[in-house]
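Q: I have a model on my screen and would like to go through the reasoning behind its labels. Shall we take them one at a time?

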Amino acid sequence: MATTAKKMTAAPGQPAAVQECDVVILGSGLAGSVSAAILARHGANVVLVDAVSHPRFAIGESMTPQLVEWLHILSERYDVPEIKSLSSVNACTRDIGPVFGTKAHFGFMLHRPGEEPDPRTATQLALPKIFEQNAHLFRQDSDSFMFHVACRYGCTARQYWRAADLDFDDNGVTVTGQNGEVFRAKYLIDASGFRSPLAEKFQLRESPARFKHHARSLFTHYIGIKPFDDVSGHPRTMRPPAPWHTGTMHHLIERGWFWIIAFDNNAKSRNPLCSVGLTFDERLYPKPSDMTPEQEFEHYLGMYPAIKRQFEGAHRVREWVSTDRLQYSSKQTIGDRWCLMSHAAGFIDPLYSRGLSNTFEVVDALASRLLQALRDGDFSAARFEYVEKLEQGLLQYNDDLVNSSYIAFSHFRLWNAVFRVWGAFISPGVMRLTRARLLYVRDHDDRHFQELEDTPYPGLWFPESAKFKQLLEATAETCEKYEVGELTGDEAADVIFKLIEDCDIVNPPFGWKDPEHRFIAPSTLTMARFLYWASFRGPEEMRHLGREFVMGVLKAGVKARKVL
Ligand SMILES: Cc1cc2nc3c(=O)[nH]c(=O)nc-3n(C[C@H](O)[C@H](O)[C@H](O)COP(=O)(O)OP(=O)(O)OC[C@H]3O[C@@H](n4cnc5c(N)ncnc54)[C@H](O)[C@@H]3O)c2cc1C
């Protein structure tokens, strides 16, 4: 168990006493608190500071299957069982409180100004029921919970504590707070997000951000939002299998999208709120100087009658956040004795909800190396080189996908194609993680997790696959040709559908290869067909993964439901 930071008293008239520790973490959001809990659980002396106090509002509420698997991995690999409390809506509700929403699907409905949405221009990926149901995280409570877990493992915590100065030398880093308190650490993790003091100190930000994608955002929490099925006017036969309100609702518009993330959509929730936001390309929708965020949101809401009906009688319960361009990037994310944690390193867009999954993948890669460094004293950047590659890769590949998606929002067939390039690789991306975890649960050999990093394309969500990388890059290229008018929307869609058809690692059982199959809702039988295809019919790289996954599940035996 970690001990609290050791104090070295100062002589009278001398500067403030310096408290020695192993690691200082700036920011006690999920990234900071989970990292702190892991390190402290393994005996590190950790100081975890935050500029504000829990509970506090945070954005980033929608989960993904990949995130769920990373939570399980962190919990098993570092023996911090409390991390599993975030892994499903049931676990969150049981261990934290009845305030979390359920996430049964990713749902996408296309809208045009002044028009009713056509039910044939919708796509949905319903998450298979054999997996535990993802949650809509009510971040003020999930984050507060994890912060207290970190404290329970022995971290020294400070709230309303802001770093005024960071001073690195060969032997460590001295962190001085605005209140004059001083910590001396061997390593610094900056998990403070966009306004990272470390990025500022070393001038790490690229200006402008290097990404192709552009968007800004308006967001808040509302009460009284109506389920979309109640107001869409669409006949039941044309609705998707999972009701819209049971998952993350994306209302797509030209180069933008509204989100509705419900916390009031599961039977046990006592939370009446929904997270609401609008993210859109600031080049097409410049930020006005003569409107409040509320007026601006109302203005755009008024253009889309069906979305507007969802908001009738609803009102917001907190102030709006109105951002400038959301994208930021850093030329370097790792240095001698420091790391810019994922959300401090860069950001693309909330589309596809990749933020927390990226965050925990980075936490995993960093924690394994940092624990080793604390044992042998080597904190050089070279040791953490993989973390740098991973952080940059996660952003780069996501930029390709999100930029393509925004381009495609203006043409349904093209969107329908890009939707498949995103969705088809969720399963293999998760399976490789689950396989490693199931192998680890059996023999507790850390090698299974180390092998996950031995890939040619860190940051790609199926990082072993050159075919996936090619498909993603060809999709981006095709969308960009449509954007500049070299291809029509239909031509671009045809190109991508053909690429998907020809790509043998895109699985047929889910329906990814069939453009008419707009609602992907794998039943248990479909999952069985998929696993059969993955193990025996797919190309070699899928067969290997499929067989080992199935063997892992079978060997986990009666515990299978728990381990999935
Ligand atoms: C509009 C938007 C929507 C998003 N939606 C999703 C989503 O649906 N799903 C998803 O997975 N991800 C989403 N993300 C990404 C997600 O928000 C982040 O990945 C996630 O919050 C990262 O957690 P974190 O702990 O790194 O940062 P945060 O939760 O932002 O925590 C950072 C902490 O650092 C503290 N801090 C800041 N400055 C200092 C300082 N100088 N000193 C000390 N402490 C400081 C803050 O007070 C805060 O508590 C979204 C992001 C945005 C911008």
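A: Gladly. A cavity is a set of grid points where a 1.4 Å probe fits but cannot get out, and its volume is the space filled by probe spheres set on those points. Please keep in mind that this is a predicted model. In it, the largest cavity has a volume of about 140 Å³.

Q: Which residues line the largest cavity closest to its centre, and what elements give two or more residues to the lining?
A: The lining has 16 residues, and those closest to the centre are S342, G346, F347, N358 and L395. Two or more residues each come from α9 (342-345), α10 (355-376) and α11 (385-408). By class, six of the lining residues are nonpolar, seven polar and three charged.

Q: How many cavities of 30 Å³ or more are there, and what lines the second largest?
A: The structure has five of them. The second largest has a volume of about 80 Å³. Its lining includes T64, P65, Q66 and F106, along with Y352, R354, S357, W422, I426 and W461. Six of these lining residues are nonpolar, three polar and one charged.

Q: What makes a pocket something other than a cavity?
A: A pocket is an open set of points, whereas the probe cannot get out of a cavity. The second largest pocket here has a volume of about 780 Å³. It is lined by 41 residues, with L127, P128, K129, I130 and F131 nearest its centre. The largest share of that lining, six residues, is supplied by α13. Other elements giving at least two residues include α2 (65-77) and α17 (524-537). The lining divides into 25 nonpolar, 10 polar and six charged residues.

Q: Why is G101 called buried or exposed?
A: The cut-off for buried is under 20% relative accessible area. G101 has 0% relative accessibility, so it counts as buried. G101 is found in strand β5 (residues 101-103). Beyond its neighbours within four places in sequence, G101 is in contact with residues including V89, N134, H136 and F263.

Q: How do you know whether T248 is buried, and what polar contact does its side chain make?
A: T248, in strand β15 (residues 248-253), has 2% relative accessibility and therefore counts as buried. A polar contact needs a pair of N or O atoms within 3.5 Å. The side chains of T248 and K103 make such a contact at 3.1 Å. Leaving out residues up to four places away in sequence, T248 also touches H105, F106 and I260, among others.

Q: What about F530: buried or exposed?
A: Its relative accessibility is 1%, so F530 counts as buried. F530 lies in helix α17. The C-alpha atoms of F530 and P509 are separated by 5.5 Å, although the two residues are 21 apart along the chain. P509 is also one of the residues in contact with F530, as are S427, M431, N507 and F510.

Q: What surrounds the ligand, and which of its oxygen atoms' distances can be set against the polar contact cut-off?
A: There are 29 residues around the ligand, and the closest are D50, R56, I59, R139 and L356. A polar backbone atom of I59 is 2.8 Å from a ligand oxygen. An N or O atom in the R139 side chain is also 2.8 Å from an oxygen atom of the ligand. For G355, a backbone N or O atom lies 3.5 Å from a ligand oxygen. The cut-off is within 3.5 Å.

Q: Which peptide bonds are cis?
A: One joins H54 to P55, with omega near -5 degrees. Another joins S207 and P208, where omega is about 0 degrees. P55 sits in the loop between β4 (46-49) and α2, and P208 in the loop between α5 (197-201) and β14 (216-223).

Q: Why is Q203 labelled buried or exposed, and what of R337?
A: Exposed means over 50%. Q203 has a relative accessible area of 60%, so it is exposed. R337 has 11% relative accessibility and therefore counts as buried. Neither is a glycine, yet phi is positive in each: near 50 degrees for Q203 and about 75 degrees for R337. Q203 is in the loop between α5 and β14, while R337 is in the loop between β20 (334-335) and β21 (338-340).

Definitions and conventions:
Residues are numbered from 1 along each chain as its sequence is written. This is a predicted model: local features need pLDDT of at least 70, side-chain atom pairs count only at pLDDT 80 or more; totals for chains, interfaces and linings use all residues. Side-chain values use heavy atoms; hydrogens and water are left out. On a 1 Å grid over the protein atoms alone, a cavity is a set of points where a 1.4 Å probe fits but cannot get out, and a pocket is an open set with protein on both sides within 12 Å along at least five of seven lines; lining residues have an atom within 4 Å of a point. Helices (H or I, at least four residues) and strands (E, at least two) are DSSP runs, numbered from the N terminus. Ala, Val, Leu, Ile, Met, Phe, Trp, Tyr, Cys and Pro count as nonpolar, Asp, Glu, Lys and Arg as charged, and the others, Gly among them, as polar. Buried means under 20% relative accessible area, exposed over 50%, partly exposed in between (1.4 Å probe, protein chains only). Contact means heavy atoms within 4.5 Å. A residue is near a molecule or strand if one of its heavy atoms lies within 4 Å of it. A polar contact is a pair of N or O atoms within 3.5 Å; within protein, one must be able to donate a hydrogen and the other to accept it, and residues adjacent in sequence count only if both atoms are side-chain atoms.
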